[in-house]
Amino acid sequence: MRLEKIRLLNDQAQNAQAKLEAHPETRELPFETPVDFSRFWLPESLTHLAHLPVYAEFTREEKLTYNQTFALMVIEQSILFEDQLSGFMKKVFQASPKIREKYPDLFQEGVDHFLREEEEHTALFWRLAHASDASYQGQKKFRYYQPRLLDKLATLLVLSFPKWGIVWSWLSLYGEEKFLLNYKEIKRASHDPATAIDPLHDAVHYWHMLDEARHVQMDEIFIEECWDPAPKWLKRINLKILEKIYQSFVVRSNSAWSLWKIACKKHPSLLRHSAKVKEQLRSLGSTASYQQIVSARSSIPRTSALFDARPEFAHFGKILPGYQRRHAHLVP
Ligand SMILES: [Fe+2]
Ligand SMILES: [Fe+2]
């Protein structure tokens, strides 16, 4: 286990926490300013429909409604992801004193920082959701993220087997690296006033990204600890699950249609595009610009580099259309 690396990450997490406790004003988020409904809440490049021809036919108002609905879905998805991930990690690393003892103290300390920070993120995301949409009425209830029943069941199945569900380590790395990408796109969009997102949404994603930059490095350790030593047969089963999850959640993004229906309820004029949206969403999986954003090396460099270094991922260019394999020795 790379204990020196973990020690460094723990120090960084501890320093960040100490700094914040001593000077809470450094993370002052503009919650007192109302969220700006005349701006996007996430860059258009991250949304599904902005990559399809039908989007060019939307009015500015329609684009805003769709974008803001999408941004709320991403917030809810992030909450669910981090919540489920944390629960699962507790089972994997901390379920009993015996399991805890299997890992060095430094590692357990790293896991503790990770879990503490995820809890803070979840609280922050709920606060952002409530500030953005009064219809939550202050409740922590999912209103925008509605995965298909089959996808929900598949996720629950994986999460029920902490000993066998080693796929979690890859899902964690991908999900957290995607948070870094989200902020990279926010930064890019901020250079033009017409595309710059609402300042509160920007600030929350910025603070989230700071912790996630560390989490991504812990994820690599989780892969080395949980995935790499696993027997071949278990990897084979988990690879199949990973392929299905990537295809449902990343490549085809199966929740895109239910999100569209929610946006239509908010802004009924969107309904006039429904037939085209339905038809064009079928080609999202083969839309190069979208696949580029969700799975190209420039978007997920660490995930790509870790795939490169493992023979079991040799065929992954067929699973994630944006991923092009490189020989591991060429990877910096
Ligand atoms: Fe997080
Ligand atoms: Fe995280």
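In this predicted model, helix 5, covering residues 149-159, packs against helix 8, covering residues 232-251, at an angle of about 145°, and their axes lie 11 Å apart. The crossing in which helix 5 passes helix 8 is left-handed. On the side of helix 5 the contact is made by Asp151, Ala154 and Val158, while helix 8 contributes Ile241, Lys244, Ile245, Ser248 and Phe249. Sorted by class, this contact of helix 5 with helix 8 holds five nonpolar residues, one polar residue and two charged residues. The spacing of such positions can be read against the general geometry of the α-helix, which has 3.6 residues a turn, so that residues three or four places apart point the same way.

Helix 4, which runs through residues 105-132, can be checked for its length: because each residue should add 1.5 Å, its 28 residues should span 40 Å, and the 41 Å between its end C-alpha atoms agrees with that expectation. The buried residues of helix 4 are Phe107, Gly110, Val111, His113, Phe114, Glu117, Glu118, His121, Leu124, Phe125, Leu128 and Ala129. Among the elements that cover these buried residues are helix 1 (3-22), helix 2 (60-94) and helix 7 (199-227).

Helix 2 also enters the description of the largest nonpolar core, to which it gives the largest share, 12 residues. This core has 71 residues, and those touching the most other members are Leu42, Ile75 and Trp170. Leaving aside residues up to four places away in sequence, Leu42 touches Thr47, Asn67, Phe70, Ala71, Val74 and Ile197.

Definitions and conventions. Residues numbered from 1 in each chain as written. Chains lettered and ligands numbered in written order. Predicted model: local features only at pLDDT ≥ 70, side-chain atom pairs only at ≥ 80, totals over all residues. Axes fitted to C-alpha atoms, helices over the stretch in contact; angles between N-to-C directions. Helix = DSSP H or I, 4+ residues; strand = E, 2+ residues; numbered from the N terminus. Left-handed = near helix turned anticlockwise from the far one by under 90°. Contact = placed C-beta atoms within 7 Å. Nonpolar A, V, L, I, M, F, W, Y, C, P; charged D, E, K, R; others polar. Expected span 1.5 Å × (residues − 1). Buried ≥ 20, exposed ≤ 12 C-beta atoms within 10 Å, placed from the backbone. Core = buried A, V, L, I, M, F, W, Y, C linked by C-beta atoms within 7 Å.
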